[in-house]
Amino acid sequence: MPIRAVENRRLYRQIADQLSALMASGEFRPGARLPSERDLAVQLAVSRPSVREALIALEVEGKVEVRVGAGIFVAAPRPVPVSTPSTEGQGPFELLRARWLIEGEIAMEAARTALPNELGVVREAVVEMQRRQGHGRNADEADRKFHLAIAQATHNSALLSVVRNLWDQGRGAIWKRMEHHFQTPELLDAVLHDHRAILVALEARDGRGARAAMRRHLAHVDREFSRGWELLKERESSPAPPALESIKRPGRARAPARSR
């Protein structure tokens, strides 16, 4: 028997592939409304955030359509650009949870170890973000600089690498589609306010305050993404079609992500 490579696929990718196979087999036909997010999560024994990530991945691939106030529908087959795991990025909700855990602790450490010039870099990033948003320009690079500067201020190269990886690996096609749907001027203003609160705590050498402010910031983004998703579709109102019986659980159940 030939040796085959061991699969290490992200959970949302497993869910998306299974739903895609059901579409290809005709169990979910073009124009059909998919089962509710709640029903899919129960049948697959996964969290609802993982289902959301899978549905966004299928939207990126052009296999489903998100209709405002109506739900998720199977799209008519058409040629679309092929996405790969390297271009999709991590699942947004999974990524935000990891950042909530890690960057909160990093902010607390940075409040203790940051040098004055390093805090100056963090402040510069906040000012640059405000300037770019004020001119209606993309502020992603300033946002990235802000988070990396805080990690840099811990004087721990391993922590800096972790934050850089979380940021760069996360900004794939799935994250960008989420931003397309849900990034509003109100959310951008809230993110800027959150960054200022983190900076104030860092400059005050308030470690606990910095950790709490960072966690509030990332939980805020998680919450707004989830709220925006619910506004896009009708809430769990359709009956589950017969094809739901064909769904197989991709793995062990996971607890839903919680914002604290």
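**Exercise 1. Place R38 and relate it to R48.**
Task: Decide how accessible R38 is, then find how far it lies from R48.

Solution.
Step 1. R38 has a relative accessible area of 42%, so it is partly exposed. The cut-offs explain the label: buried means under 20%, exposed over 50%, and partly exposed lies in between.
Step 2. Locate the residue. R38 sits in helix α2.
Step 3. Look along the chain. R38 and R48 are ten residues apart in sequence. Their C-alpha atoms are separated by 6.6 Å.
Keep in mind throughout that this is a predicted model.

**Exercise 2. Describe the fold as a whole.**
Task: State how many helices and strands the protein has, and in what order the elements run.

Solution.
Step 1. Count the elements. There are eleven helices and two strands.
Step 2. Read the order from the N terminus: α-α-α-β-β-α-α-α-α-α-α-α-α.
Step 3. Check burial. The protein has 260 residues, and 48% of them count as buried.
Step 4. Check the surface. About 13400 Å² is exposed, and carbon and sulfur atoms supply 53% of that area.
Step 5. Check the contacts. Take those in the protein with a separation of 6 or more: residues 24 or more positions apart account for 80% of them.

**Exercise 3. Explore the nonpolar core.**
Task: Find which residues have the most contacts inside the largest nonpolar core, and which helix gives the most to it.

Solution.
Step 1. The largest nonpolar core has 65 residues. Those with the most contacts inside it are L19, M23, L34, I150, L202 and F225.
Step 2. Helix α5, residues 92–113, gives the most to this core, with eight residues.
Step 3. Take I150 as a case. Setting aside neighbours within four places in sequence, I150 is in contact with I106, A107, A110, V122, I198, L202 and M214. L202 appears here and is also among the residues with the most contacts inside the core.

**Exercise 4. Inspect helix α5.**
Task: Compare the span of α5 with the expected value, then say where α5 bends.

Solution.
Step 1. α5 has 22 residues.
Step 2. From its first C-alpha to its last, α5 reaches 30 Å. That is close to the 32 Å expected at 1.5 Å a residue.
Step 3. Look for a bend. α5 bends by about 30° at W100.

**Exercise 5. Follow A149.**
Task: Is A149 buried or exposed, and which residues does it contact?

Solution.
Step 1. A149 lies in helix α7, residues 140–152.
Step 2. Its relative accessibility is 10%, so A149 counts as buried.
Step 3. Beyond neighbours within four places in sequence, A149 is in contact with V121 and V122.
Step 4. Now take E124. A149 and E124 are 25 residues apart in sequence, and their C-alpha atoms are 9.9 Å apart in space.

**Exercise 6. Two polar side chains.**
Task: Find what the side chains of Q133 and H220 reach.

Solution for Q133.
Step 1. Q133 belongs to helix α6, residues 116–134.
Step 2. Q133 counts as buried because its relative accessibility is 19%, and the cut-off is under 20%.
Step 3. The Q133 side chain reaches the backbone oxygen of L188 at 3.4 Å.
Step 4. Leaving out neighbours within four places in sequence, Q133 is in contact with A139, L188, D189 and L192.

Solution for H220.
Step 1. H220 belongs to helix α11, residues 207–232.
Step 2. Its relative accessible area is 18%, so H220 is buried.
Step 3. The H220 side chain makes a polar contact with the side chain of D194, at 3.3 Å.
Step 4. Not counting residues up to four places away in sequence, H220 touches A190 and D194.

**Exercise 7. Positive phi angles.**
Task: Say where A45 and R205 lie, and whether each is buried or partly exposed.

Solution.
Step 1. Start from the rule. Most residues other than glycine have a negative phi.
Step 2. A45 has a positive phi near 60°, and A45 is not a glycine. A45 lies in the loop between α2 and α3. At 13% relative accessibility, A45 counts as buried.
Step 3. R205 also has a positive phi, about 60°, without being a glycine. R205 lies in the loop between α10 and α11. At 38% relative accessibility, R205 counts as partly exposed.

Note on methods
Residues numbered from 1 in each chain as written. Predicted model: local features only at pLDDT ≥ 70, side-chain atom pairs only at ≥ 80, totals over all residues. Heavy atoms only, no water. Core = buried A, V, L, I, M, F, W, Y, C linked by side-chain atoms within 4.5 Å. Buried < 20%, exposed > 50% of the residue type's maximum accessible area, 1.4 Å probe, protein only. Helix = DSSP H or I, 4+ residues; strand = E, 2+ residues; numbered from the N terminus. Contact = heavy atoms within 4.5 Å. Expected span 1.5 Å × (residues − 1). Bend = angle between axes of the 7 residues up to and from the residue. Polar contact = N/O pair within 3.5 Å; in protein donor to acceptor, adjacent residues only side chain to side chain. Areas by Shrake-Rupley, 256 points an atom, 1.4 Å probe, with all protein chains shown as cover.
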